[in-house]
Amino acid sequence: MRHLRTRVAGVLLAVLALTVTTACSSEDGAAGSEPAAKAEAAADRVEPLADTPVPQLPVTVRSSDGRKVTVRDAQRIVPLSGSLSEIVFTLGLGDRVVARDITATFAQAEKLPVVTRNHDVSAESVLSLKPDLVLAETTTGPDEAMDQIRDAGVPVLVVDPAKGLDDVGPRIGTVARALGVPAAGEELTKRSEDRIAAVRKDIPKKTDKPRVAFLYLRGTASVYLIGGKDSGATSLLEAAGAVDGGAESGLEKDFTTITTEALAKAAPDAILVMSKGLESVGGIDGLVKIPGVAQTPAGMERRVVSIEDGVLLNYGPRTDEVLKSLVDQLYGDTK
């Protein structure tokens with residue numbers, strides 16, 4: 001599973017790759033908590049900056065793959081991940097985006113043509129839209145497709161992956177500079193970081209920090225994984241005043257197959273899942289049937305934090321919403 005080998009992009013790209021056929025019952029939906037439902041509704045849209053910036057081009061920027069990329073125009077942009085699409089739209093340049101990757105799930109992007117097949121980029125589909133800039137992640141591929149796009153003369157900027165909260169500003173800045181709107185990037189970075197800081201101020205100060213295990217679930221494909229040190233969730237959990245149970249228990253890899261032993265070592269007080277992953281196992285009732293889950297403190301209390309797939313690990317302009325949802329669900333009325 002190529003996409004799972006790289007922490008954040010892997011989860012977000014793989015998260016929609018499999019068709020979810022098992023719907024969560026209305027009872028399970030209620031168990032996911034009202035804050036979760038509100039967060040998912042809010043996560044369906046991005047909030048662009050008030051003033052639409054005008055790109056000042058050409059610019060030459062360094063891509064994370066070591067190449068120097070010159071951007072001469074930005075009228076037709078193709079971001080090849082949901083996270084990068086989110087940044088472009090939030091900078092106020094969404095009307096220039098002509099295609100999307102399947103992980104761009106927010107409302108403003110939903111009518112755009114999809115240029116990925118099973119999460120692999122279709123070079124033919126991209127080139128047919130005559131883009132003047134393609135934005136990619138380090139995991140975007142296959143390499144042959146990306147080379148084909150470059151060989152056609154299209155600038156391709158590869159952006160460093162998001163690992164945690166510290167990457168919010170740098171990723172916004174990288175995209176903004178490539179689009180010739182560095183001032184808008186600084187404004188959006190400040191807005192994003194200020195909003196994250198505001199959420200963190202409201203987190204309860206507790207002596208005993210809750211332990212949370214991040215589980216990646218795809219019941220339709222019998223994929224049940226627990227996140228470790230490199231899953232991408234650690235930074236978010238720590239920002240919420242929690243402990244990443246998987247990482248703390250010694251899991252060094254990004255994801256490890258769930259076992260009763262691994263769950264016992266993680267000893268989570270709560271379980272963090274993506275919403276479609278929870279649906280794919282039949283909601284909370286199905287989750288606690290996974291071997292080992294029911295024996296954890298989280299399973300006994302049915303304490304589950306569910307956050308919308310397309311935004312959970314983006315570490316971008318909507319991370320404050322994700323953090324607030326996590327905090328609300330994790331602490332509830334104890335705040």
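**Stop 1: a pair of strands**

Select Leu135 and Leu157: Leu157, in strand β7, is the bridge partner of Leu135. Now widen the selection to strand β6 (residues 133-137) and β7, and you will find them paired in the parallel sense over four bridges. Keep in mind as you look around that this is a predicted model.

How does the chain get from β6 to β7? It crosses through helix α6 (residues 143-151), and this β-α-β crossover is right-handed.

Next, show the side chains of strand β7 (residues 156-159). Val156 and Val158 point one way, Leu157 and Val159 point the other way, and all are buried. In a regular strand, side chains alternate between the two faces of the sheet.

**Stop 2: a covered helix**

Select helix α4, residues 82-93. How many of its twelve residues are buried? Twelve of the twelve are, so this helix is mostly covered. Click through the buried residues and you will meet, among them, Gly82, Ser85, Glu86, Phe89 and Leu93.

To see what does the covering, colour β3 (77-79), β6, β7, α7 (168-178) and α8, which are included in the cover over the buried residues of α4. You have already visited two of these, β6 and β7.

Then follow the chain onward to Thr105, in the loop between α4 and β4 (116-117). Thr105 counts as partly exposed, at 27% relative accessibility. Draw a distance from its C-alpha to that of Val311: the two residues are 206 apart in sequence, yet 8.5 Å apart in space.

**Stop 3: the nonpolar cores**

Select Leu91, Val175, Leu179, Leu272 and Leu312. These are the residues with the most contacts inside the largest nonpolar core, which has 64 residues. Leu91 should be familiar, as it is one of the buried residues of α4.

Which residues does Leu312 touch? Leaving aside residues up to four places away in sequence, it touches Phe214, Leu236, Leu272, Met274, Ile307 and Val322. Another core, of 18 residues, lies apart from the largest one; Leu215, Leu217, Leu251 and Ile284 are among its members.

**Stop 4: a second parallel pair**

Ile307, touched by Leu312, takes you to strand β13 (residues 304-307). Are the side chains on its two faces buried or exposed? Val304 and Ser306 on one side are buried, and so are Val305 and Ile307 on the other, so both faces of the strand are covered.

Add strand β12 (residues 270-274) to your selection. Four bridges join β12 to β13, and the two run parallel. For one bridge to look at, pick Val273, whose partner in β13 is Ser306.

**Stop 5: salt bridges**

Now show the charged side chains. The structure has 13 salt bridges, and here are several to visit.

- Select Lys190 and Asp194. Their closest N and O atoms are 2.7 Å apart. Both sit in helix α8 (residues 182-201), and because they are four residues apart there, about one helical turn separates them. Lys190 is exposed, with a relative accessible area of 53%, while Asp194 is partly exposed, at 39%.
- Select Asp309 and Arg218. Their side chains meet in a salt bridge of 3.2 Å, N to O. This pair links distant parts of the chain, 91 residues apart: Asp309 is in the loop between β13 and α15 (319-331), and Arg218 is in strand β8 (residues 211-218). Asp309 counts as buried, at 0% relative accessibility, and Arg218 is buried with a relative accessible area of 0%.
- Select Lys229 and Glu252, which meet at 3.8 Å, N to O. They are 23 residues apart, with Lys229 in the loop between β9 (223-227) and α9 (234-239), and Glu252 in the loop between α10 (245-248) and β11 (255-257).
- Select Asp65, Arg67, Asp147 and Arg150 together, and you have a network linked by salt bridges.

**Last stop: the whole chain**

Clear your selections and zoom out. The protein chain has 15 helices and 13 strands. Of its 335 residues, 57% count as buried. Among contacts with a separation of 6 or more, 69% are between residues 24 or more positions apart. Finally, switch on the surface: the accessible surface comes to about 14300 Å², and 49% of it belongs to carbon and sulfur atoms.

Notes: Residues are numbered from 1 along each chain as its sequence is written. This is a predicted model: local features need pLDDT of at least 70, side-chain atom pairs count only at pLDDT 80 or more; totals for chains, interfaces and linings use all residues. Side-chain values use heavy atoms; hydrogens and water are left out. A nonpolar core is a set of buried Ala, Val, Leu, Ile, Met, Phe, Trp, Tyr and Cys residues joined through side-chain atoms within 4.5 Å. Buried means under 20% relative accessible area, exposed over 50%, partly exposed in between (1.4 Å probe, protein chains only). Contact means heavy atoms within 4.5 Å. Two strands pair if DSSP finds at least two bridges between them. A salt bridge is a side-chain nitrogen of Lys or Arg within 4 Å of a carboxyl oxygen of Asp or Glu. Accessible areas come from the Shrake-Rupley method with a 1.4 Å probe; for residues, only the protein chains shown count as cover. A crossover is right-handed if, with the strands pointing away from the viewer, the path from the first strand over the helix to the second runs clockwise.
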